[in-house]
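User: I'd like to go through this one label by label and hear the reasoning behind each. Can you take my questions as they come?

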Amino acid sequence: MTSRTPPPEQRPPRIRLFSRSSWPEARHLADVLRTETVGGALLLLGAVLALIWANSPWSDSYTRLSGWVPWPGGAPWHLDLDVATWAADGLLAIFFFVVGLELKREFVAGELRDPRRAALPVVAALGGMLLPALIYVAVVLSAGGEGLRGWAIPTATDIAFALAVLAVVSSHLPQGLRAFLLTLAVVDDLFAITIIAVFYTTDFHPVPLLAALAPIGLFASLVQRGRSWWWALVPLAIAAWALVHASGVHATVAGVLLGFTVPVLARRRTAGGQPTASGTGADEGGLAAHLEHRWRPVSAGFAVPIFALFAAGVTLRGTDLGTLLTEPVVIAIVAGLVLGKSIGIFGSTYLLARFTRAELDEDITWSDLLGVALLAGVGFTVSLLVGDLAFGAGSTADDRVKAAVLLGSVISAGLAATVLVRRNAAYRRVAERERLDADGDGVPDVYQRPADR
């Protein structure tokens, strides 16, 4: 018996990868791109200043400032932290609060609310984290196994840096690529937060963590009622952060938990006066959007650049660069960021399209995807944070980690820029031809006789 091909109306729909977003999604994406682009530039400025300062004749002042403890009396509450630790544990909590808001928005009203559309960034993010970790472990084991604790360093993508590079090199690239990079980074951040909480928690104390549920619960109660009183929410957030920090869990996790409590959908009043969430997918006017609008500039414009200023200060004076570049940990991190990220993301996406009904959007080529996969190898903020947690801030290994993260990120950004600049030029030529051929007959209007126009 020969099998019959089912009619088109009975066939399962094909999934378009990186298809154009809805208009609310496009507007939100544009807002994020504008803010993160500026934040990426400030982040780069902070890193460059740190490198210059740490290798200048005034490097001692950089070391003293990084190690200064502004509140020595905070020891009973585990808050006798130096400035560099306050930047990593305190200011980055603001960054992760915004990440928490973005994660919830994506899962409730964004690209990830549809399981079929969420499958691609989840699979791509997993591939882009598993392969760098495997490469790191393989390189370190082949050299004796010292430094295995840093296996998660090359698994992170720095969205601010990546979007800044993308904004500089692109003007005509399809919106789908930008949407993919943003969504991929959101899923990547979720996995990174999980890794930090599970694998890099030391001296765990359950009582402070349980106590943190009280301010988190009060915070959730207020925001669920639509209350955005800063004089109430900020003290509750600080209390939750301090208790999570005292528990041994990295304090930035508190920012994510608080972000998850904020409602995404706007509240409407029914005829009976009862509040109800507005329709599906429209989060304009929701408290999450309101708080993200307020706190994202603080995160991108202050918290992350200050963290970069105190995290990227690698002292290279007196360092044998040849020896540094042969260190197994350095090779593992650079290979993980440059090769692991790009091959993991590109390969997992290709396999998904090859063995499922998913396919690329007709406006996007695999060359475009390769450029974005290379760009995901720009790891900075979370990579440096994991390096601090794995080897200890200020250690010799920590300096090697910083140098490797910077080198891997620069190489990834350079390779991605090379690919994307060429793709952007191709899209620009297409747009120019379309602009000249206004009547759509395939012949540029400038070449037609006036009588034919």
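Analyst: Sure. Keep in mind that this is a predicted model. A good place to begin is glutamate 327, which has 24% relative accessibility and counts as partly exposed.

User: Why is glutamate 327 called partly exposed?

Analyst: Buried needs under 20% and exposed needs over 50%. Glutamate 327 comes out at 24%, so it belongs in the class between those cut-offs.

User: What makes glutamate 327 and arginine 400 a salt bridge?

Analyst: Their closest N and O atoms are 3.7 Å apart, and the limit is 4 Å, so the pair qualifies. This bridge links distant parts of the chain: glutamate 327 is in the loop between α11 (321-324) and α12 (328-355), while arginine 400 is in helix α15 (residues 396-436), 73 residues apart.

User: And arginine 400, buried or exposed?

Analyst: Buried: its relative accessible area is 19%, and the label applies under 20%.

User: How do you know that arginine 423 pairs with aspartate 368?

Analyst: Same kind of test: the closest N and O atoms are 2.6 Å apart, and a salt bridge has to be within 4 Å. Here too distant parts of the chain are linked, with arginine 423 in helix α15 and aspartate 368 in helix α13 (residues 366-375), 55 residues apart. Both partners are buried.

User: How many salt bridges does the structure hold?

Analyst: Six. Some share partners, and those join Glu102, Arg105, Glu292 and Arg296 into one network.

User: What makes arginine 296 and glutamate 292 a salt bridge?

Analyst: Their closest N and O atoms are 2.5 Å apart, which falls within the 4 Å limit. Both sit in helix α10 (residues 287-311), four residues apart, about one turn of the helix. As a general point, an α-helix has 3.6 residues a turn, so residues three or four places apart point the same way.

User: Why do arginine 296 and glutamate 292 count as buried?

Analyst: The cut-off is under 20%. Arginine 296 has 8% relative accessibility and glutamate 292 has 4%, so the label fits each of them.

User: On to the rings. Why is the pair of tryptophan 53 and tyrosine 62 called edge-to-face?

Analyst: A search of the whole structure finds eight aromatic pairs. In the one between tryptophan 53 and tyrosine 62, the centres are 5.2 Å apart and the planes are at 65°. Centres have to lie within 6.5 Å, and planes over 60 degrees apart count as edge-to-face, so both conditions are met. Ring pairs also bring in Phe310, making a cluster of Trp53, Tyr62 and Phe310.

User: How are those two classed for exposure, tryptophan 53 and tyrosine 62?

Analyst: Tryptophan 53 has a relative accessible area of 26%, which makes it partly exposed. Tyrosine 62, at 5%, is buried.

User: What makes phenylalanine 95 and phenylalanine 96 an edge-to-face pair?

Analyst: Their ring centres are 5.0 Å apart and the planes stand at 75°, which is over the 60 degrees needed. Both phenylalanine 95 and phenylalanine 96 are buried.

User: How do you know that the charged end of arginine 354 sits over the ring of phenylalanine 355?

Analyst: The distance from the ring centre is 5.2 Å, and the limit is 6 Å.

User: What makes helix α5 mostly covered?

Analyst: Nine of the eleven residues in α5 (residues 159-169) are buried. Among them are Ile159, Phe161, Leu163 and Val169. For the whole chain, 49% of the 453 residues count as buried.

User: Why is arginine 64 called exposed?

Analyst: Its relative accessible area is 58%, and exposed means over 50%. Arginine 64 lies in helix α2 (residues 59-67).

User: Last one: what makes leucine 45 eligible for a nonpolar surface patch?

Analyst: A patch residue needs over 30% relative accessible area, and leucine 45, in helix α1 (residues 23-54), has 46%. Val38, Leu42, Leu45 and Leu49 make up the patch of about 330 Å².

Note on methods:
Residues are numbered from 1 along each chain as its sequence is written. This is a predicted model: local features need pLDDT of at least 70, side-chain atom pairs count only at pLDDT 80 or more; totals for chains, interfaces and linings use all residues. Side-chain values use heavy atoms; hydrogens and water are left out. Patches are made of residues with over 30% relative accessible area and no salt bridge: like charges are joined within 9 Å, nonpolar side chains (Val, Leu, Ile, Met, Phe, Trp, Tyr) within 5 Å. Accessible areas come from the Shrake-Rupley method with a 1.4 Å probe; for residues, only the protein chains shown count as cover. A salt bridge is a side-chain nitrogen of Lys or Arg within 4 Å of a carboxyl oxygen of Asp or Glu. Helices (H or I, at least four residues) and strands (E, at least two) are DSSP runs, numbered from the N terminus. Buried means under 20% relative accessible area, exposed over 50%, partly exposed in between (1.4 Å probe, protein chains only). Rings of Phe, Tyr and Trp (its six-membered ring) pair if their centres lie within 6.5 Å; planes under 30 degrees apart count as stacked, over 60 as edge-to-face and the rest as tilted. A charge sits over a ring if NZ of Lys or CZ of Arg is within 6 Å of the ring centre and within 35 degrees of the ring normal.
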